[in-house]
Amino acid sequence: MRRLTIRARLTVLYGGLLLVAGAVLVAVMYVLVGQRLPTTMKLLTRTGPPGQAPTDVDQLYAAELPAKLRDAALDDMLTTGIVALVLVTTVAVAFGWLLAGRALQPLHRITETAHRIAAAPAADRGLHERIALAGPTDEIKELADTFDTMLERLDRSFDGQRRFVANASHELRTPLTLSRAVLEYAAHRDALTPEVRQLTELLLDINLRHERLINGLLLLARTDNEMLDKSPVDLADVVAHTVTHLTPEADKADVRVGGEPSPAPTLGDPVLLERLVQNLVENGIRHNAPPDGWVRVACRTLPGGVVELTVSNSGPVIPRYEIPGLFEPFRRYGTERVDRDRGAGLGLSIVRSVARAHGGDVTAEPRDGGGLLVRVTLPLAPDQAVA
């Protein structure tokens with residue numbers, strides 16, 4: 001019974017109750033009719049001459065014939081009752097199946113809405129949907145209205161959070177830009193002492209770190225919304241451009257960067273997809289093990305209508321249980337927050353947000369020799385959308 005659906009269980013329950021009630025009714029009728037039928041009967045026909053006492057044959061018919069008639073009537077009634085009970089139960093089960101399906105339609109609607117919200121690329125997408133169940137005010141409608149109220153509150157909460165992050169980041173960019181301009185002006189003055197010049201350069205580094213943090217927060221807030229305007233993008237071009245662009249930084253860090261791009265057409269925002277690849281490569285460069293460190297970037301088209309981007313790198317050994325935390329904002333493995341050369345801890349968070357905004361996903365797994373293998377899957381672009 002536990003493996004049956006609610007509709008099947010309700011149908012079985014209705015049919016079982018009707019079958020039991022009908023069986024009890026047939027049994028009661030059988031007993032009552034059996035008590036009302038006579039067990040003996042006097043026969044009008046005699047086999048001997050008038051005035052003569054009944055023979056043994058007369059007594060035998062008088063004793064057996066009423067019992068046979070009684071048994072035949074009861075058997076006929078029982079057979080007819082069982083056949084009628086089976087037919088009525090079959091029809092009742094069919095109607096019960098239809099009625100149970102109709103009664104459970106509101107629950108199916110609630111379940112479908114919950115599935116669509118759960119299947120959204122991110123937890124806060126799809127919260128604008130509502131069940132808006134119409135009908136009488138009963139327990140199911142009360143459940144649907146409660147679900148709608150919960151979705152509305154969650155939607156407002158996530159929208160407020162996104163607006164706060166975006167507004168706060170915009171407000172912080174202006175003073176940071178001004179302070180950077182003042183520090184750069186002061187750093188180029190010839191009258192500065194070596195100590196003051198060193199302090200100015202340190203403040204410029206701190207200011208740059210804050211700007212990166214704010215830009216990351218802005219990008220994270222932007223990618224919280226699903227992409228509406230998408231254009232054809234070949235990840236092979238993005239990989240080639242990113243590898244060329246980051247080669248000087250890799251050479252400075254004494255890390256080798258190589259790309260193996262194959263055609264991987266998808267639809268999306270070119271700037272965000274470039275940022276996705278750039279963050280993965282930068283993450284591989286910064287969290288590496290020079291002087292023999294390396295980063296490999298590859299993309300390809302897979303069966304099933306998806307394209308795959310993989311970025312692998314050497315580096316320290318990372319336990320598998322630490323992997324999920326690396327995609328959380330401000331989480332970094334094996335580094336301190338004050339380490340300004342390792343970024344703000346938003347790189348992989350932005351990668352996951354961009355991938356989900358494009359209807360894809362990202363996974364990571366540790367390499368046996370150290371480092372990470374990050375795999376991003378995105379929907380394949382339709383043939384008519386790719387030039």
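## An edge of the sheet

Let's start with strands β6 and β7 (residues 372–379), which are antiparallel and joined by six bridges. One of the pairings here sets Asp361 against Thr377, its bridge partner in β7. Bear in mind as you look around that this is a predicted model.

Helix α9 (residues 347–357) packs on the sheet and touches β6 and β7. The direction of α9 makes about 140 degrees with that of β6.

## The whole sheet

Stepping back, β6 and β7 belong to an open sheet of five strands, ordered β2-β4-β5-β7-β6, with mixed pairing. Why do β2 and β6 (361–366) each have one side without a neighbour in the sheet? Both stand at the edges with a single partner strand each, so one side of each is left free of a neighbour in the sheet. From one strand to the next, the twist averages 15 degrees. Another helix, α6 (residues 235–252), also packs on the sheet, where it touches β2, β4, β5 and β7. The direction of α6 makes about 170 degrees with that of β2.

## Around strand β4

Strands of a sheet pair through backbone hydrogen bonds, in either a parallel or an antiparallel way. Strand β4 (residues 293–302) gives you both to look at: it runs parallel to β2 (residues 255–261), with seven bridges between them, and antiparallel to β5 (residues 306–313), with eight bridges. On the β2 side, Val257 stands opposite Val295 in β4. On the β5 side, Thr301 stands opposite Val307.

The hairpin of β4 and β5 has three residues between the strands, and Gly304 in this hairpin takes a positive phi near 100 degrees.

## Nonpolar cores

In soluble globular proteins, nonpolar side chains tend to be buried together. Here the largest nonpolar core holds 40 residues, and those touching the most other members are Leu276, Leu280, Val297, Leu309 and Val376. Beyond its neighbours within four places in sequence, Leu276 is in contact with Leu309, Val351, Val354, Ala355 and Val376. Apart from this core lies another, of eight residues, including Ile110, Ile117, Leu127 and Ala144.

## A polar residue inside

Is Asn207, in helix α5 (residues 194–222), buried or exposed? Asn207 counts as buried because its relative accessibility is 5%, and the cut-off for buried is under 20%.

What does the side chain of Asn207 meet there? A polar atom of this side chain lies 3.3 Å from the backbone oxygen of Leu176, and the side chain also makes a polar contact of 2.6 Å with the side chain of Ser179. Setting aside neighbours within four places in sequence, Asn207 is in contact with Leu176, Ser179 and Arg180.

Technical notes: Residues are numbered from 1 along each chain as its sequence is written. This is a predicted model: local features need pLDDT of at least 70, side-chain atom pairs count only at pLDDT 80 or more; totals for chains, interfaces and linings use all residues. Side-chain values use heavy atoms; hydrogens and water are left out. A nonpolar core is a set of buried Ala, Val, Leu, Ile, Met, Phe, Trp, Tyr and Cys residues joined through side-chain atoms within 4.5 Å. Buried means under 20% relative accessible area, exposed over 50%, partly exposed in between (1.4 Å probe, protein chains only). Contact means heavy atoms within 4.5 Å. Two strands pair if DSSP finds at least two bridges between them. Helices (H or I, at least four residues) and strands (E, at least two) are DSSP runs, numbered from the N terminus. A polar contact is a pair of N or O atoms within 3.5 Å; within protein, one must be able to donate a hydrogen and the other to accept it, and residues adjacent in sequence count only if both atoms are side-chain atoms. Axes are lines fitted to C-alpha atoms, for helices over the stretch in contact, and angles run from 0 to 180 degrees between N-to-C directions.
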